Structures are given as C-alpha cells and as structure tokens.
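This report concerns the fold, the nonpolar interior and selected surface features of one protein chain. The sequence and structure are shown below.

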Amino acid sequence: MSTTSRLLKPDTPATPADVPPARRSPAGSARARARHVVLPLGSLLLFLVLWQLLAASGTWSETLVPPPAKVWDAFVAVSTTHDGVRGYNGTTLVEHLGISLRRIAIGAGLGVVLGVLFGLLMGTVSWLRSLFEPWITFLRTLPPLAYFSLLIIWLGINEEPKVTLLAVAAFPPVAVSTTTAVAAVPKSLIEAARALGASRWDVVRDVVVPSALPETLTGVRLAVGVAYSSLVAAELVNGLPGIGGMVKDAANYNNTPVVLVGIIAIGVSGLIIDGLLLRLERAVVPWRGRA
C-alpha cells in the first residue's frame, strides 16, 4: 500500500460527518438550473434595453454610443465578406480572435508552467521564497504597459514581445497562489508521510501537490484572466491580425461599433475559457468545498 493510500484511507469507521448530505429534490434542482439560466439572460436583456434607450435618447452622438443594431451590423461586416471587403483589414473576426487566443495560449501557458514550478520551489524551500518573493510582488504590481515598451526595444515588434508580455502577466498570480498553498499544507500530513518512510520526492508528489492543487488551479484561472486583460496592451504594436489590434486600429478611426464588437468578443471568449477551466478544476479536485 502506498504512502498516500495509507494516509487517506484510515481503518476507522465512517462518522456521521462523513455521510453525504441529502440530495436535492428533482423539483428543487430544476428550479436551480432554470434560475441559473434565466437570471443571466434577464440581465442581458435588461442591459440591451437600457443601451437602446440611451442611444435613442440623443444624449450622446452615435459615434460615442452607437445603438445595438449598428454594433450588430459591424459584427456581421467583420465576420463575413461584405462589398468585396473581407472582415476587418482582410481578416475575419474569427481569425482575429484565433490568432489572439494562440498568443494567449503560448504566453499564458508559459507563465503558468513557470509560476507553478516557482511556487513549488518557494513553498518548500524557505530561502528561495525569501529570495524571489519580493521580485514577484514587484512584478505583480506593474501594469503591462509599464514594461511593454522595454520588451519592444529588446525583442522587436513581432510575436516575441506579445507572447513575453502575456507570460510575464500570467506568471505572478500562479506563483503567489501556489507558494501560499504549498506553505499551508498541514505539517502533520508531511510528518506522517515521512514516518511511513516516504522520501522527499514522495512527500512532494503524494502530499504537497494534491493539497496545493485547488489553490493552484484558482491561480491558473486568475492568470488567464490577467493575460486576457493584457491582450489589448500586448497587441498595441503590430497587433494586426489579432482581436486587440483590431480594437486598437478601429479606435484610431473612431469606429466605435467595431471597437465594441472586439471588446464583446474578448469578453465572451474569456467567459467560455474561464468556464472550461472551472469545469477542469471540478473534475481534478472534486473534493473542494465538501466537508
């Protein structure tokens, strides 16, 4: 029997606290699911109505607050070939978004991997935490635009500074959350594993990593969100094709409908990816939130 199974499967009988709570009735579950769908749709409908009323009031010009119909027309225009013009700047909305998502996947993925590794090291080796934690905190407080110009000087105007910016933006949240989670692992579990003959690597693999995994996955979700918020900054220079570059270029010409289309595309795709990460978290750590 492995060290983990001996730790996680004691021979004591189950107590009343271990008994799962009573399940909801089918009617209660159906109401909860309906509420989960109806409330977001209702809030979206209310937002569209208020938006239309504000645009129709004439308080601001359509350049500043275009009506929803104009934004829809812009969405159709940048998603198809219209009057011989393909999408925006020769690239459709899906292609712009796909290029930006590839940049996020590479940059944020690199930042997440490095953040997890640094977090494990800093959480298990105290002197490494004292050495690197101030630098990570310093990096976490910097806005992306503060160092993007420096990255352009160092790396040029192609893909390298964009990917590097997204990696640097995603790195601190994962590193901080992983370090905190590793440092919070109960000492009793570590001592029990060592008493059962586990090596240092066994303790890290079978005790530290499973205990720190929930908070680490939360840090990954935060890191992806930070990378998304840095997307437009990453595509300020030579960002076309790319959804952030499209927003920046449209803003230069006061093309507000296209700007709004780009912002909505970034937000919706971010919601989808966050939902997928949340499902991954529930699948990997199903015990989280349960007594």
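The account that follows moves from the overall fold to the interior and then to the surface.

**Overall fold**

The structure is a predicted model. Its chain contains 12 helices and 2 strands. In sequence order these elements follow the pattern α-α-α-β-β-α-α-α-α-α-α-α-α-α. Of the 291 residues in the chain, 34% are buried. Where contacts link residues at least 6 apart in sequence, 69% of them join residues at least 24 apart. The accessible surface of the chain amounts to about 17600 Å², and carbon and sulfur atoms account for 68% of that area.

**Nonpolar interior**

The largest nonpolar core comprises 38 residues, and the members that touch the most other members are L93, I104, L165, I243 and V258. Helix α12, which spans residues 256-284, supplies the largest share of this core, with 6 residues. Apart from this core lies another one of 10 residues, including A193, A198, V203 and A212.

Contacts have been computed for V258 as well as for S269, a residue of helix α12. With residues up to four places away in sequence left out, V258 touches A74, V78, Y88, M246 and A250. Under the same exclusion, S269 touches L97 and Y228. The contact between S269 and Y228 includes a polar one, in which the two side chains meet at 3.3 Å.

**Two residues in their helices**

Is S269 buried or exposed? S269 counts as buried because its relative accessibility is 8%, and the cut-off for this class is under 20%. V37, in contrast, is placed in the partly exposed class because its relative accessibility is 45%, which falls between the 20% and 50% limits.

| Residue | Helix | Relative accessibility | Class |
|---|---|---|---|
| S269 | α12 | 8% | buried |
| V37 | α2 | 45% | partly exposed |

**Surface patch**

Which residues form a nonpolar patch on the surface? The patch consists of V37, V38, L41, L44, F47 and L48. Together these residues have about 550 Å² of accessible area. One of them, V37, lies in helix α2, which covers residues 26-56.

**Summary**

Helix α12 contributes 6 residues to the largest nonpolar core and also carries S269, whose side chain makes a polar contact with that of Y228. On the surface, V37 belongs to a nonpolar patch and is located in helix α2.

Technical notes:
Residues numbered from 1 in each chain as written. Predicted model: local features only at pLDDT ≥ 70, side-chain atom pairs only at ≥ 80, totals over all residues. Heavy atoms only, no water. Core = buried A, V, L, I, M, F, W, Y, C linked by side-chain atoms within 4.5 Å. Buried < 20%, exposed > 50% of the residue type's maximum accessible area, 1.4 Å probe, protein only. Helix = DSSP H or I, 4+ residues; strand = E, 2+ residues; numbered from the N terminus. Contact = heavy atoms within 4.5 Å. Polar contact = N/O pair within 3.5 Å; in protein donor to acceptor, adjacent residues only side chain to side chain. Patch = residues over 30% accessible without salt bridge, like charges linked within 9 Å, V, L, I, M, F, W, Y side chains within 5 Å. Areas by Shrake-Rupley, 256 points an atom, 1.4 Å probe, with all protein chains shown as cover. Salt bridge = Lys/Arg side-chain N within 4 Å of Asp/Glu carboxyl O.
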